[in-house]
Amino acid sequence: MGGCHHSRVVPQSPGDCALPSMAAHLPPPPDPQFVLRGAQSPVHALHFHRGAQGCPLLFSGSQGGLVHIWSLQTRRAVAALDGHGGRCVTWLQTLPRGHQLLSQGRDLKLCLWDLAEGRNAVVDSVRLESVGFCRSAVLAGGQPRWTLAVPGKGSDEVQILEMPSKTSVCTLKPEADAKPGMPMCLGLWQANSSPRPLLLAGYEDGSVVLWDVLERKMCSRVACHEEPVMGLDFDPQKARGVSGSAGKALAVWSLDGRQALQVRGTHELTNPGVAEVTIRPDRKILATAGWDHRIRVFQWRTMKPLAVLALHSAAVQCVAFATSGLLAAGSKDQRISIWSLYPPP
Amino acid sequence: MDPARSEVRLAVQEAVHTLSSSEDGGHIFSTLGSLKRYLGDTESPALPREKEEFATVHFSAVLRCLAGVLSPGWLELLPDSRLEELWASFFLEGPADQAFLVLMESIEGTAGPSFRLMRMAQLLAEFLRAGRMAALMEAQCRQRMLPGFPLLRETLLSGVVGLPDRLGNRLQRGNLAEFLPQNYFPLLGKEAVRVLQAVVDSLRGGLDCSVSFVSQVLGKVCVHGRRQETLGVLVPGLTALTEGSCLWQRVSWRLVEQVPDQAMEAVLTGFVEAAPGPEVLSRLLGNLVVKNKKAQFVMTRKLLFLQYRLTTPELQSLLGYLAMDSQRRPLLLQVLKELLDTWGSSSAVRHTPLPQQRYISKAVLICLAQLGDADLRDSQDELLAGMMVGVKCRLDSSLPAVRCLGMIVAEVISARLHTEGPPLRFQYEEDELSLEMRALASPRPAGDGVLETPAETLDSGVPQAPLEGSDSELDSDDEFVPYDMSGDRELKSGKAPAYVRDCMEALTTSEDAERWEAALRALEGLVCRSPEATREVSVELAKVLLHLEEKTCVEGFEGLRQRALVAVTVTDPARVAEYLTSQFYALNYSLRQRMDILDVLTLAAQELSRPGRRRRAPQDGHPRPGSCCSPPLATSRPGSAAAPDWRVEVEERIRSKTRRFSKGTPRLVPTGGPNAFNSVAGYFFFPLIQHFDRPLVTFDLLGDDQLVLGRLTHTLGAMMYLAVNTSVAVPMGKALLDFVWALRFHVDAYVRRGLLSAASSVLLSVPAQRLLEDLPGELLEARSWLADVAEKDQDEDCRVLALRALLLLERLKDKLLPPSP
């Protein structure tokens, strides 16, 4: 594992994780708030949205190509958007302005939906060049213009587009000798102090790379995993991020003042494979979607394991948090479970 | 005739006459006053020659006379107790030995409680308080040996040492606090220090002195069992005084050397117990062990091999003392060799009690820590050879504690002696004992006895940098309570077969490790759910499970296999038990498999005999850790109210001897029902008990495989106990008693324990009436055997078990006797 140093490894083997006597004092694992059925296809993407009139919505993208819109009040699907020709929907994101939804599909299309006033029509779409599983990322403030990062044409490239004009700002391509493999997951963000957008990308070789978008420069690269990085999330306030891979470990890394990434620790999991890692918006806890059918919850500050949620009967593909603290997990078993753990005050 | 002598004699005669006849206080007073001249200390002391004459020849007579005239009226002849003071001063100021003897004599000669007795006793207490005992001993130290003297000395000695006994006998309830042993002997110790101080002073002044009387007193006190009280005062005093003073040290050495041989053991034991460490012991004893044969015997043999009462620090003192001087070190090496011989002797392993074995082991480790590499080099091979022999016979033992001692000591020895090459490593449980033993092996830093704990240094060495490092944020208060995560196990792919037959096939033929493991995990549940399907293949399945080997590392393999086997046995008890018991005595099984068979049979029997078991839902997958419950056996059974404590007791024993991987789930409502073990107990029990005395090529229960025999005895005992309230219990009990009788003198303690608990099981399970009618002879024999074991067995557990069985027998008698109206 390259330059990683294990400053903290929490034992996770069954024999170690909890003494029987301790287990007696711990509360049993919680049950979900409710479970959404009816996607009729494995769920690959989830996104919470604070809908019109304060009615919270959940978008889910399925392998069957549909995007379902669920009302969290009625717990029913409100609508199903069919825009990807029956190909798997891998990524969903709403834009802060207007009621617009971005959906990425395996049909190599990224659709922009207009959902305002009950409409659900594709208003624009971006042609993607990559057939990989890499989810796109978006950086949008209040301005009409926003930035989109998508996997690029070359297998190791990331393309940055300015939207809604769809102008290609730049293509981030690692140097020839770096060979990180394909990008697997992306995260765009902007430090408060500077206007420069930064991109975090997890690559196939298990490394996480920080790109300076404007300079098209690889600022830092750190090898966190031995397997491809499947998901990452970043907490700009703490300048710390977490990534999960196809392997058995979560890695926590941090960014110092000179924009150098540094591994702060790894956390062994019982079973390999993390599809997505998400930190709750209030940055108290984080959740991982496990290929082992389980959702794991950790305290973000200490990485203390808090819960292992074993509800699904197949791999969990995605996890998402609402600002209200609700946690949603979508699984290959076609179900979406909604949980409320450690609700924020 | 010497004029001085005759003058003294005349004066004394006159005084004696006056004392015995006169009633005139003034006259008596002046007569005594004139006698007092001879004791010195007055304005006109007598001539030295006269004094000496008085002290040696007449003093005792005068004192006797004074003691004889004592009565309340006599003392009040003069007011203000002036006469009484003068009277007492003769006893307190004259030569102490004579005063002491006369005091003792008159106290013992006075019959019954009386004024005189009490007054004399008070005077003796005053005598003690005034420190006259030191004067007495000091005088003995200064005197030259005179002919006829030993007798007086002997009298004095027994008087000094026996004072508390004699006074106690004489005064009975009126005894004074000064004469109680707990007060008197510390005083004696203090006085001995004072005497030694005087001896040292006079040696400094160039006068010759002997401490032999003090030595004799000391010896006699210690022989009388009062060494703690006396040496508890004397040794600390000597410790302080000998520090930095050669003269004091020589006096101390001399003191111990002069102790008579028969008292040497008691005195040395006392010194070892009272000395705070080897340095002090070395200062006080010098090279005594080299000079004195008896002391050498006591220190190098008796305290180490024939007794085992020293505590570990005392043992460290003793062996440290041997190590501290180059003259004594060869002795220590010799001791180490002999200790190792004993440690490794198979007879000692078998016949000495466990505490003694621990003692010897500790001594070996301490010796190793005390000896330097240079000392060990020459005899390295010999020691290693001794160790190897010992390890072998210890590992052969069936008692875990004995094995553990073997492993710990062997690890330490090999690390110490066999420095090249990898050290020996055994797997044993870390407990208090093993930690203590290994701490003993690390050499103590010179000067202080404080052992540094390695754990502390280890702890501080590991960097405990928290993940978040510097950011101690506001959110430090959100300590979320984690949920129970014990269910977080490795994910197995869902290849588990759904039918018993499929499981069997997967276990026998599958090359796919995951499928194999899934089949093993699913088997117990499947067997419980589908008893009919299981019965069709039960024996075959049992065969597969019995021969199952762990191909890949499967967590909890042993437990899974055992649970599955138990489930199969419970489902089809008669046929599977028949198969298993026949395999127990078959060729070509490993000891492990044979013991597995025994465990499975016990567990299955327990399951079958559990009341209300049919209502139990089949146990699935992983039992949650922490969901233990009390063993179902002991909870409820008809008639258990009669002897609940013994049920629990025996159950406890069975449980501690049986390897168990899972326990039944708690039942809320105990319900009555027939014992399902009833109809099949014979299949379990009789085949096992029949063939134990027929050795096979690979399996000899009465020979090397005594561990299995021990397990067999425990299994049979457990089955007997589980067969309570069954019709087959009586023949089972009879067979078991015969079995016990045949093996009762087995050398292995584990086997004997099994036999004893089996005997208890018989007493518990067979109805009392039937016991008396069918087995009276066996009972009588068992009784005498149990009494013998309870008294003489060297294994403590055996003694306790025998005692319990005896008590059960007693209860049986109570049960049979008609209740008295």
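Chain B of this predicted model has a secondary structure of 41 helices and zero strands, whereas the secondary structure of chain A comes to two helices and 28 strands. For the complex as a whole, the predictor reports an ipTM of 0.82 together with a pTM of 0.58. The points below take up confidence, the make-up of each chain, and then selected elements and residues.

**Confidence in chain B**

- The pLDDT of chain B averages 82, and 87% of its residues score at least 70.
- In residues 445-475 of chain B the pLDDT is below 50, and this stretch has 22 contacts in the model beyond its near neighbours in sequence.
- Residues 615-643 of chain B also have a pLDDT below 50, and for this stretch the model shows 50 contacts beyond near neighbours in sequence.

**Chain B as a whole**

- Chain B has 821 residues, of which 51% count as buried.
- If one takes the contacts in chain B between residues at least 6 apart in sequence, 75% of them join residues that are at least 24 apart.
- The exposed area of chain B is about 38,200 Å², and carbon and sulfur atoms supply 54% of that area.

**Helix α37 of chain B**

- Helix α37 of chain B runs over residues 729-743, a length of 15 residues, and its first and last C-alpha atoms are 21 Å apart, close to the 21 Å expected at 1.5 Å a residue.
- The buried residues in α37(B) include Ala729(B), Val730(B), Met732(B), Gly733(B) and Ala735(B), and further along the helix Leu736(B), Leu737(B), Phe739(B), Val740(B) and Leu743(B) are buried as well.
- The cover over these buried residues of α37(B) includes several other helices of chain B, namely α35 (681-690), α36 (706-722), α38 (749-765), α39 (768-774) and α40 (776-792).

**Phe54 of chain B**

- Phe54(B) lies in helix α3 of chain B, which spans residues 48-69, and with a relative accessibility of 0% Phe54(B) counts as buried.
- Apart from neighbours within four places in sequence, the residues in contact with Phe54(B) are Val8(B), Val12(B), Leu35(B), Tyr38(B), Leu39(B), Phe59(B) and Val62(B).
- Leu39(B), one of these contacts, is 15 residues from Phe54(B) along the chain, and the C-alpha atoms of the two are separated by 8.1 Å.

**Chain A as a whole**

- Of the 345 residues in chain A, 58% are buried.
- Among the contacts in chain A with a separation of 6 or more, 43% are between residues 24 or more positions apart.
- Chain A exposes about 14,200 Å², with 49% of this supplied by carbon and sulfur atoms.

**A four-stranded open sheet in chain A**

- Four strands of chain A form an open sheet in the order β1-β28-β27-β26, and their pairing is antiparallel.
- At the edges of this sheet stand β1 (34-36) and β26 (316-321) of chain A, each of which pairs on one side only, and the twist from one strand to the next averages 20°.
- Within the sheet, β27 (residues 327-331) and β28 (residues 336-339) of chain A run antiparallel and are joined by four bridges, with Ala329(A) standing opposite Ser337(A) in β28(A).

**Strand β12 of chain A and its partners**

- Strand β12 of chain A (residues 158-163) has five of its six residues buried, so it is largely enclosed by the rest of the structure.
- On one side of the pairing, strand β11 (residues 146-151) of chain A runs antiparallel to β12(A) and is joined to β12(A) by six bridges, while a hairpin of six residues connects the two strands.
- With strand β13 (residues 167-172) of chain A, β12(A) pairs in the antiparallel sense over five bridges; these two strands form a hairpin with three residues between them, and Lys166(A) in that turn has a positive phi of about 65°.
- Ile160(A) in β12(A) stands opposite Ala149(A), and the bridge partner of Ile160(A) in β13(A) is Cys170(A).

**Thr288 of chain A**

- Thr288(A) belongs to strand β23 (residues 285-290) of chain A and is buried, with a relative accessible area of 1%.
- Once neighbours within four places in sequence are left aside, the contacts of Thr288(A) include Leu250(A), Val274(A), Glu276(A) and Val277(A), and Arg294(A), Ile295(A), Arg296(A), Phe298(A) and Val319(A) are also in contact with Thr288(A).

Technical notes. Residues are numbered from 1 along each chain as its sequence is written. Chains are lettered from A and ligands numbered from 1 in the order in which they are written. This is a predicted model: local features need pLDDT of at least 70, side-chain atom pairs count only at pLDDT 80 or more; totals for chains, interfaces and linings use all residues. Side-chain values use heavy atoms; hydrogens and water are left out. pLDDT is the predictor's confidence in each residue, from 0 to 100. Contact means heavy atoms within 4.5 Å. The expected span of a helix is 1.5 Å times one less than its number of residues. Buried means under 20% relative accessible area, exposed over 50%, partly exposed in between (1.4 Å probe, protein chains only). Accessible areas come from the Shrake-Rupley method with a 1.4 Å probe; for residues, only the protein chains shown count as cover. Two strands pair if DSSP finds at least two bridges between them. Axes are lines fitted to C-alpha atoms, for helices over the stretch in contact, and angles run from 0 to 180 degrees between N-to-C directions.
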